[in-house]
Amino acid sequence: IKTAVFISGRGSNMESLIKSTRDQNFSALITVIISDNELAPGISLAKKYNVPVEIFDKKKFNKSQFETNAQRILLNYI
């Protein structure tokens, strides 16, 4: 199952999920990491595991615009 992970910080849960995908019994494949924080330490972790990262500042969008932008990103990767 193609999966996206949203992060805003360290990315420790994201890293656990990425490591879990190495298990053949784990049915998810992490196809993109989405962050609202361009300085999130988890971004470098995602890059370490060669997972694409998309960054956008949700504060620049109203709720509808944020959801539309997130959906556009998801449709490109999922």
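The following dialogue goes through a predicted model and asks what supports each label put on its residues.

Trainee: Why is Thr31 called buried?

Mentor: Thr31 has a relative accessibility of 12%. Buried means under 20%, so Thr31 counts as buried. Thr31 is found in strand E2.

Trainee: What is Thr31 in contact with, leaving aside its neighbours within four places in sequence?

Mentor: Thr31 is in contact with Lys2, Thr3, Val51, Pro52, Tyr77 and Ile78.

Trainee: What makes the pairing of the Thr31 side chain with the backbone oxygen of Tyr77 a polar contact?

Mentor: A polar atom of the Thr31 side chain lies 3.2 Å from that backbone oxygen of Tyr77. The cut-off for a pair of N or O atoms is 3.5 Å, and 3.2 Å is within that limit, so the distance condition is met.

Trainee: Why is Thr21 called partly exposed?

Mentor: The relative accessible area of Thr21 is 25%. Buried needs a value under 20% and exposed one over 50%; 25% falls in between, so Thr21 is partly exposed. The place of Thr21 is in the loop between H1 and E2.

Trainee: Which residues does Thr21 touch, not counting those up to four places away in sequence?

Mentor: Thr21 touches Phe26, Ala28, Leu29 and Ile30. In addition, a polar atom of the Thr21 side chain lies 2.5 Å from the backbone oxygen of Ile18. As for Ser64, 43 residues apart from Thr21 along the chain, the C-alpha atoms of the two are separated by 32 Å.

Trainee: Tyr49 sits in a loop, between H2 and E3. How do you know whether Tyr49 is buried or exposed?

Mentor: By its relative accessibility, which is 17%. The limit for buried is under 20%, so Tyr49 counts as buried despite the loop. Leaving aside neighbours within four places in sequence, Tyr49 is in contact with Glu15, Ile18, Lys19 and Arg22. Tyr49 and Glu15 are 34 residues apart in sequence, with 8.7 Å from C-alpha to C-alpha.

Trainee: Which residues make up the largest nonpolar core?

Mentor: That core has 12 residues, namely Val5, Ile7, Met14, Ile18, Ile30, Ile33, Ala40, Ile43, Leu45, Ala46, Tyr49 and Val51. Strand E1 (2–7), helix H1 (12–20), strand E2 (29–35) and helix H2 (42–48) each give two or more residues to this core. The largest share, 3 residues, comes from H2.

Trainee: Which residues does the second, separate core include?

Mentor: The second core has 5 residues, among them Val32, Phe56, Ala70 and Ile73.

Trainee: Why is Asn50 called exposed?

Mentor: Asn50 has 68% relative accessibility. Exposed means over 50%, so Asn50 counts as exposed. Asn50 is found in the loop between H2 and strand E3 (53–55).

Trainee: What is notable about phi of Asn50?

Mentor: Phi of Asn50 is near 60 degrees, a positive value in a residue other than glycine. Most residues other than glycine have a negative phi.

Trainee: Why is Asn69 called buried?

Mentor: The relative accessibility of Asn69 is 13%. That is under the 20% limit, so Asn69 counts as buried. Asn69 lies in helix H3 (residues 63–77). Not counting residues up to four places away in sequence, Asn69 touches Phe56 and Phe61.

Trainee: What makes the link between the side chains of Asn69 and Arg72 a polar contact?

Mentor: The distance is 2.6 Å. The limit is 3.5 Å, and 2.6 Å is within it, so the distance condition is met.

Trainee: How far apart are Asn69 and Asn50?

Mentor: They are 19 residues apart in sequence and 23 Å apart in space, C-alpha to C-alpha.

Trainee: What makes up the lining of the largest pocket, by class?

Mentor: The lining has 2 nonpolar, 1 polar and 6 charged residues. Its residues are Asp36, Asn37, Glu38, Ile55, Phe56, Asp57, Lys58, Lys59 and Lys60. About 160 Å³ of space lies in this pocket.

Key: Residues are numbered from 1 along each chain as its sequence is written. This is a predicted model: local features need pLDDT of at least 70, side-chain atom pairs count only at pLDDT 80 or more; totals for chains, interfaces and linings use all residues. Side-chain values use heavy atoms; hydrogens and water are left out. A nonpolar core is a set of buried Ala, Val, Leu, Ile, Met, Phe, Trp, Tyr and Cys residues joined through side-chain atoms within 4.5 Å. Buried means under 20% relative accessible area, exposed over 50%, partly exposed in between (1.4 Å probe, protein chains only). Helices (H or I, at least four residues) and strands (E, at least two) are DSSP runs, numbered from the N terminus. A polar contact is a pair of N or O atoms within 3.5 Å; within protein, one must be able to donate a hydrogen and the other to accept it, and residues adjacent in sequence count only if both atoms are side-chain atoms. Contact means heavy atoms within 4.5 Å. On a 1 Å grid over the protein atoms alone, a cavity is a set of points where a 1.4 Å probe fits but cannot get out, and a pocket is an open set with protein on both sides within 12 Å along at least five of seven lines; lining residues have an atom within 4 Å of a point. Grid points are joined across faces, edges and corners, and a volume is the space filled by probe spheres set on the points. Ala, Val, Leu, Ile, Met, Phe, Trp, Tyr, Cys and Pro count as nonpolar, Asp, Glu, Lys and Arg as charged, and the others, Gly among them, as polar.
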